[in-house]
Structures are given as structure tokens and as C-alpha cells.
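Biologist: Hi, could you walk me through this one? I'd like to go from the overall layout down to a few single residues.

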Amino acid sequence: NIYILLSFILLFGIVTFITKKKIVIPEKKYYMGLVITAFVIQLFFNKEGKIVYENVIFTITEAGILLGLISIVKIWGMMFISKNSDFHILFNGKFKKQALIFEIVVKIVPEILKMPKTLLNPGKIVKIILKRVYRELRNIKD
């Protein structure tokens with residue numbers, strides 16, 4: 001549900017403001033292409049629901065528009081959380097190591113979007129994330 005997603009992002013923003021007193025808004029230039037692509041894909045390829053506009057080539061439905069907007073909110077929320085997260089403060093104690101790994105992975109998300117479009121292969125992304133996590137954990141132990 002879009003309201004649950006928006007309320008979660010708003011709650012995260014409030015908690016971030018209370019703990020850090022500074023909220024970082026992600027730069028548009030790094031994720032705008034991804035947002036537009038996700039919206040267009042949801043808009044044109046979703047054929048279910050009430051038809052808003054129909055052409056010989058494509059059909060736009062209300063469900064497609066709604067799912068496109070939800071995709072935009074999800075991507076922006078992911079970027080917002082990755083820029084403002086401090087998981088080592090929230091998860092201390094026995095979840096300290098998991099919080100460190102999660103923080104490393106979340107911080108890598110904006111860097112992956114900055115990479116050239118040819119590197120956006122899921123297998124390569126997983127390898128990049130695992131190498132980075134391993135390198136960061138090795139630097140912490142040394």
C-alpha cells in the first residue's frame with residue numbers, strides 16, 4: 001500500500017531528524033533515469049484496470065499510473081534511506097555485525113546507480129556488493 005510506504009519514509013525522516021539533526025536529500029541526477037524508466041515501464045506494460053488512454057500502439061490504465069507512482073516512491077525512498085542511515089546507532093549489542101553489513105550494503109546503492117549502464121547486470125552488482133562488503137569488513141578488523 002502506498003500509504004504504508006509513505007508513512008514509513010516519513011517516520012524514517014523524523015527519526016533521522018531527531019537523531020542526526022540533518023537530513024540529506026539524494027541528488028536527482030543519479031537516479032532520475034531509473035525513476036523515469038521504471039515509471040514508463042509500469043505505465044505502458046500494465047494492461048489491467050480502467051483504461052485512461054488507448055492508442056493502436058499502447059494503452060495507459062489507472063493501475064499503470066498508480067504502479068508507476070509507487071515505483072517512483074520506492075526508488076526515492078531507497079535513495080533517501082541509503083543517504084540518511086546510521087544503522088550502527090540503531091542496532092547495537094548482539095546485532096552490531098549485521099548492522100555494519102547492512103549499512104555497507106545500503107551505502108553502496110547510490111554508487112551503483114552512478115556506474116555506467118553497461119554494469120547494471122544483476123550478477124555483476126552482487127559481485128561488486130560482496131567485494132565491497134568484504135573489503136570494508138577487512139579494513140575494520142585491521
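Modeller: Happy to. This is a predicted model, and its chain holds six helices and two strands.

Biologist: Nice. In what order do the elements of the chain run from the N terminus on?

Modeller: They go α-α-β-β-α-α-α-α. That puts two helices ahead of the two strands, and four helices after them.

Biologist: And what does the chain average in pLDDT?

Modeller: The average is 76, and 78% of the residues score at least 70.

Biologist: Where is confidence lowest, and where is it highest?

Modeller: Helix 4, residues 87-90, is at the bottom with a mean of 62. Strand 2, residues 59-61, is at the top with 85. As a general caution, predicted coordinates should not be read in detail where pLDDT is low.

Biologist: Fair enough. Let's go inside. Which residues make up the largest nonpolar core?

Modeller: Seven residues form that core: Ile2, Ile9, Phe12, Ile70, Val73, Phe80 and Ile81. At least two of them come from helix 1 (2-20), and at least two from helix 3 (62-84).

Biologist: Which helix gives the most to this core?

Modeller: Helix 3 does, with four residues.

Biologist: Let's pick one of those, phenylalanine 80. Buried or exposed?

Modeller: Phenylalanine 80 is buried, because its relative accessibility is 5% and the cut-off for buried is under 20%. The residue lies in helix 3.

Biologist: How far is the C-alpha of phenylalanine 80 from that of isoleucine 25?

Modeller: Those two C-alpha atoms are separated by 6.3 Å, while the residues are 55 apart along the chain.

Biologist: Staying in helix 3, what about serine 71: buried or exposed?

Modeller: Serine 71 also sits in helix 3, and it is buried, with a relative accessible area of 13%.

Biologist: What does serine 71 touch, not counting residues up to four places away in sequence?

Modeller: Its contacts on that count are Ala38 and Gln42.

Biologist: Now the outside. How much area does the chain expose?

Modeller: About 10,200 Å², and carbon and sulfur atoms supply 68% of it. As for the interior, buried residues make up 28% of the 142 residues in the chain.

Biologist: Which residues make the nonpolar surface patch?

Modeller: Leu10, Ile14, Phe17, Ile18, Ile23 and Ile25 make that patch, which covers about 580 Å². Isoleucine 25 is the residue whose C-alpha is 6.3 Å from that of phenylalanine 80.

Biologist: Why does leucine 10 count as exposed?

Modeller: Its relative accessible area is 57%, and exposed means over 50%, so leucine 10 qualifies. Leucine 10 belongs to helix 1.

Biologist: And lysine 22, where is that?

Modeller: Lysine 22 is in the loop between helix 1 and helix 2 (28-45). Lysine 22 is exposed, at 57% relative accessibility.

Biologist: What is lysine 22 in contact with, leaving aside neighbours within four places in sequence?

Modeller: Thr16 and Asn84. Asparagine 84 is 62 residues away along the chain, yet its C-alpha and that of lysine 22 are separated by 8.7 Å.

Biologist: What share of contacts in the chain, between residues at least 6 apart in sequence, join residues at least 24 apart?

Modeller: That share is 58%.

Biologist: Last one, the strands. Where does tyrosine 53 sit, and what does it touch beyond four places in sequence?

Modeller: Tyrosine 53 is in strand 1, residues 51-54. Its partners are Phe58, Thr59 and Ile60.

Biologist: Why does tyrosine 53 count as partly exposed?

Modeller: Its relative accessible area is 42%, which is between the 20% and 50% cut-offs, so tyrosine 53 counts as partly exposed.

Key:
Residues numbered from 1 in each chain as written. Predicted model: local features only at pLDDT ≥ 70, side-chain atom pairs only at ≥ 80, totals over all residues. Heavy atoms only, no water. Core = buried A, V, L, I, M, F, W, Y, C linked by side-chain atoms within 4.5 Å. Buried < 20%, exposed > 50% of the residue type's maximum accessible area, 1.4 Å probe, protein only. Contact = heavy atoms within 4.5 Å. Areas by Shrake-Rupley, 256 points an atom, 1.4 Å probe, with all protein chains shown as cover. pLDDT = per-residue confidence, 0-100. Patch = residues over 30% accessible without salt bridge, like charges linked within 9 Å, V, L, I, M, F, W, Y side chains within 5 Å. Salt bridge = Lys/Arg side-chain N within 4 Å of Asp/Glu carboxyl O.
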